[in-house]
Amino acid sequence: MATEQKEEFTNVLETAAIPIDLRKSEVVFGAAEYVFFEVFTHWMLMYFFRFEKRSFIELAAIHTVSLPFIGGLGAFVEFPHEMGYEAPWGDIIADGAKGVPAVFTAQYLVNTALKGLHAPSIKFKEVLTTVAAKILSRVLVSGGWYALPPFFRDTLDVLDAAFAKQFMASRLKSDKAHDPYVPARQ
């Protein structure tokens, strides 16, 4: 029993950390670009709806901390679309929504680091802007995908590949989920 719990905990760490290799510049640039779009979208939503504004630094910390959890915590749903940002709009929205649990986890971790151990306060406006920012940032990037220089598209594709590796290593995925690039076992 104790070894099983230890194995599950180490699996969470391995799933989160291994695919995001910060020694590769493509991953670093892809992460920076991804976080920029999410933070910008999140801040603009708070500004537009006149919600309580968080600083860029706090939002950047939350969205950066969410990166190691996106593929693993979103694995309870189906595999991300293989076309990435060029997928049909319904899949773009679904892929954006798969990152919402990771952002809420990161938000709790960042708030715990700033305020100490606490019971999270749930404000509907914050939940709404977080979910909308996560989904809309993916939609906005997809809408401008062909206008982005090839370097920026490549770095985002590298980051999406890291999220797919997290997905495949996660124990949250259903038995039916498999990598679309590898034929399913019969």
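Buried means under 20% relative accessible area, exposed means over 50%, and partly exposed covers what lies in between. With that scale in hand, let us walk through this structure, which is a predicted model. Phenylalanine 151 is a good place to try the scale: its relative accessibility is 43%, so it counts as partly exposed.

## Aromatic rings

Phenylalanine 151 has a ring partner in phenylalanine 152, and the two form an edge-to-face aromatic pair with 5.7 Å from centre to centre and 70° between the planes. Phenylalanine 152 is partly exposed too, because its relative accessible area is 36%. The grouping extends to another ring, as Phe29, Phe151 and Phe152 form one aromatic cluster.

How many aromatic pairs does a search of the whole structure find? The search finds nine. One of them joins tryptophan 43 and tyrosine 47: the ring centres are 5.7 Å apart and the planes lie at 10°, so this pair is stacked. Both residues belong to helix H2, where they are four residues apart, or about one turn of the helix. Tryptophan 43 has a relative accessible area of 22% and is therefore partly exposed. Tyrosine 47, at 48% relative accessibility, also counts as partly exposed.

A pair of aromatic rings is described by the distance of the centres and the angle of the planes.

Tyrosine 85 has a company of another kind: arginine 138 lies over the face of its ring, 4.1 Å from the ring centre.

## A nonpolar patch

Tyrosine 47 also takes part in a surface feature. Together with Phe36, Phe40 and Met44 it makes a nonpolar surface patch of about 420 Å². Phenylalanine 40, one of these residues, is found in helix H2, which covers residues 25-48. Is phenylalanine 40 buried or partly exposed? Its relative accessibility is 40%, so it counts as partly exposed.

## Salt bridges

Five salt bridges turn up in a search of the whole structure. Among them are the three in this table.

| Pair | Distance, N to O |
|---|---|
| Lysine 134 and glutamate 38 | 2.3 Å |
| Glutamate 58 and arginine 54 | 3.9 Å |
| Glutamate 126 and arginine 54 | 3.0 Å |

Lysine 134 and glutamate 38 link distant parts of the chain: lysine 134 sits in helix H7 (residues 124-143) and glutamate 38 in helix H2, 96 residues apart. Both of these charged residues are buried.

Arginine 54 appears in two rows of the table, once with glutamate 58 and once with glutamate 126. Arg54, Glu58 and Glu126 are accordingly found linked in a network of salt bridges. What does the pair of glutamate 126 and arginine 54 tie together? Glutamate 126 lies in helix H7 and arginine 54 in the loop between H2 and helix H3 (56-66), so the pair connects parts that are 72 residues apart in sequence.

The members of this network vary in their cover. Arginine 54 is buried because its relative accessible area is 13%. Glutamate 58 has a relative accessible area of 21% and so is partly exposed. Glutamate 126, with 22% relative accessibility, counts as partly exposed as well.

## Contacts across the sequence

The loop between H2 and H3 also holds phenylalanine 49. At 45% relative accessibility, phenylalanine 49 counts as partly exposed. Its C-alpha atom is separated by 9.4 Å from that of lysine 125, although the two residues are 76 residues apart along the chain.

Helix H7 contains alanine 133. Buried or exposed? Alanine 133 is buried, because its relative accessible area is 0%. Its C-alpha atom and that of alanine 97 are separated by 9.7 Å, with their positions 36 residues apart along the chain.

## Helix H8

Helix H8 has 20 residues, 150-169. At 1.5 Å a residue the helix should span 28 Å, and its end C-alpha atoms are 29 Å apart, which agrees. Several residues of H8 are buried, including Leu156, Leu159, Ala162, Phe163 and Phe167. Polar and charged names also occur on that buried list, among them Arg153, Thr155, Asp160 and Gln166.

Methods:
Residues are numbered from 1 along each chain as its sequence is written. This is a predicted model: local features need pLDDT of at least 70, side-chain atom pairs count only at pLDDT 80 or more; totals for chains, interfaces and linings use all residues. Side-chain values use heavy atoms; hydrogens and water are left out. Patches are made of residues with over 30% relative accessible area and no salt bridge: like charges are joined within 9 Å, nonpolar side chains (Val, Leu, Ile, Met, Phe, Trp, Tyr) within 5 Å. Accessible areas come from the Shrake-Rupley method with a 1.4 Å probe; for residues, only the protein chains shown count as cover. A salt bridge is a side-chain nitrogen of Lys or Arg within 4 Å of a carboxyl oxygen of Asp or Glu. Helices (H or I, at least four residues) and strands (E, at least two) are DSSP runs, numbered from the N terminus. Buried means under 20% relative accessible area, exposed over 50%, partly exposed in between (1.4 Å probe, protein chains only). Rings of Phe, Tyr and Trp (its six-membered ring) pair if their centres lie within 6.5 Å; planes under 30 degrees apart count as stacked, over 60 as edge-to-face and the rest as tilted. A charge sits over a ring if NZ of Lys or CZ of Arg is within 6 Å of the ring centre and within 35 degrees of the ring normal. The expected span of a helix is 1.5 Å times one less than its number of residues.
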